[in-house]
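Please open the model in your viewer and keep the sequence panel beside it. The tour below goes from one selection to the next and says what is found at each stop.

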Amino acid sequence: MKIRVLVCCDESIMSAAMRALLDQQPDIEVMGFTTGRESAAAVAEHAPHVMIVVAPALGFEDKRELAELAALTKIVLIAKAESADRSVEALCVGVRAVLAPDSSADDLIHVLRTVSAGATMVMPAAARRSLQYLPRPDASPRSARLAAGLTPRELEVVLLLAQGKSNAEVAEKLSVSMATVRSHVHHVLRKLGVGTRAQAVAIAYESGLMAAIGRTAECRGQEG
């Protein structure tokens with residue numbers, strides 16, 4: 001079955017380039033194009049597996065619109081982030097992946113396939129590097145509370161999710177079954193109070209939990 005993709009873009013040249021790229025992929029079908037204000041109606045009409053949103057049709061500032069679309073389909077946002085915080089904000093409202101405008105065609109195709117398969121691709125490596133520059137507070141009551149609520153294995157899962165790992169990759173890394181990974185992911189989402197893997201990673205960075213996990217890993221490495 002082909003991946004049905006809808007593109008939300010206000011620029012005709014960009015739309016034509018997107019069509020030329022995606023039409024070359026045997027497993028991807030472009031359902032059509034829409035603009036920001038018509039996007040919800042277009043999603044209802046075409047029922048895409050994934051919607052590519054290219055700023056400025058909708059951008060980081062359009063949180064309400066992105067959240068509404070994210071409730072209807074999986075969103076891949078292509079936008080220039082003035083700061084890493086903007087990317088995290090998009091993930092928090094349900095966007096499945098954030099790509100910089102200068103990301104490669106291979107990155108986009110990989111993200112479309114990964115997101116459509118159900119494994120949230122937070123960011124490809126090139127874009128994910130920006131998360132390294134998020135403020136990383138020292139241990140806070142919130143990060144301590146979140147860390148205390150997760151088991152050591154669940155903390156490992158959070159770290160792997162932040163690296164954009166699929167369930168299969170997490171299972172291989174941890175030497176456990178896919179069913180076990182799905183159970184861990186379910187528990188992580190429930191304990192963090194979120195609905196998607198992307199939101200879990202966003203909360204982990206925003207709260208300082210990710211920094212705490214990193215410090216723990218460093219200490220274990222020194223002990224070893």
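Select Ser-175 to begin, and colour it by relative accessible area: at 67% this residue is exposed, because the value lies over the 50% cut-off. In this predicted model, Ser-175 sits in the loop between α9 and α10, and its phi is near 55°, a positive value in a residue other than glycine. As background, most residues other than glycine have a negative phi, and most peptide bonds are trans.

Next, show the two helices on either side of that loop, α9 (167-174) and α10 (178-192). How far apart are the axes of α9 and α10, and at what angle do the helices pack? The axes lie 9 Å apart and the angle is about 105°, which makes α9 roughly perpendicular to α10. To see the contact itself, display the side chains of Asn-167, Ala-168, Val-170 and Ala-171 on α9, together with Met-178, Val-181, Arg-182 and Val-185 on α10. By class, the residues of this contact are six nonpolar, one polar and one charged.

Now widen the selection to the largest nonpolar core, which has 25 residues. Leu-150, Val-158, Leu-192, Leu-209 and Met-210 are the residues with the most contacts inside this core. The elements that give two or more residues to it are α8 (152-162), α9, α10, α11 (197-207) and α12 (209-223), and α8 supplies the largest share, with six residues. Centre the view on Leu-192 and, setting aside its neighbours within four places in sequence, look for its contacts with Leu-146, Leu-150, Ala-200 and Leu-209. A separate core of 21 residues lies apart from this one, and includes Leu-6, Cys-8, Ala-42 and Ala-90.

Move on to α11 and colour it by burial. Buried or exposed: how do the residues of α11 count? Of its 11 residues, 10 are buried, so α11 is largely enclosed by the rest of the structure. The buried residues are Arg-197, Ala-198, Gln-199, Ala-200, Val-201, Ala-202, Ile-203, Ala-204, Tyr-205 and Ser-207, a list in which Arg-197 and Gln-199 can be picked out beside the several alanines. Gly-208 follows α11, and its phi is positive, near 95°.

With α11 still shown, add helix α7 (residues 141-149), which packs against α11 at an angle of about 135°, the axes being 9 Å apart. This angle makes α7 oblique to α11. Here Arg-142, Ser-143 and Leu-146 of α7 meet Ile-203, Glu-206 and Ser-207 of α11, and the residues of the contact divide into two nonpolar, two polar and two charged.

Turn next to the sheet. Hide the helices and select the five strands, which form an open sheet with parallel pairing in the order β2-β1-β3-β4-β5. At the edges are β2 (28-34) and β5 (97-99), each of which pairs on one side only, and from one strand to the next the twist averages 20°. For one pairing in detail, zoom in on strand β1 (residues 3-8) and β2, which run parallel and are joined over six bridges; here Val-7 has Phe-33 of β2 as its bridge partner.

Bring back two helices, one after the other. Helix α2 (residues 39-46) packs on the sheet and touches β1, β2 and β3 (50-54), its direction making about 160° with that of β1. Helix α5 (residues 105-116) also packs on the sheet, where it touches β1, β2, β3, β4 (74-78) and β5, and its direction makes about 160° with that of β4.

Two backbone details come next. Select Ala-47, in the loop between α2 and β3: its phi is positive, about 50°, although this residue is not a glycine, and at 41% relative accessibility Ala-47 counts as partly exposed. Then select Ala-55 and Pro-56, which are joined by a cis peptide bond with omega of about 15°; Pro-56 belongs to the loop between β3 and α3 (63-70).

Finally, zoom out to the whole protein, which has 12 helices and five strands. Of its 224 residues, 48% count as buried, and of the contacts with a separation of 6 or more, 68% are between residues 24 or more positions apart.

How values were computed
Residues numbered from 1 in each chain as written. Predicted model: local features only at pLDDT ≥ 70, side-chain atom pairs only at ≥ 80, totals over all residues. Heavy atoms only, no water. Core = buried A, V, L, I, M, F, W, Y, C linked by side-chain atoms within 4.5 Å. Buried < 20%, exposed > 50% of the residue type's maximum accessible area, 1.4 Å probe, protein only. Helix = DSSP H or I, 4+ residues; strand = E, 2+ residues; numbered from the N terminus. Contact = heavy atoms within 4.5 Å. Axes fitted to C-alpha atoms, helices over the stretch in contact; angles between N-to-C directions. Parallel < 35°, antiparallel > 145°, perpendicular 65-115°, else oblique. Nonpolar A, V, L, I, M, F, W, Y, C, P; charged D, E, K, R; others polar. Pairing = 2+ DSSP bridges.
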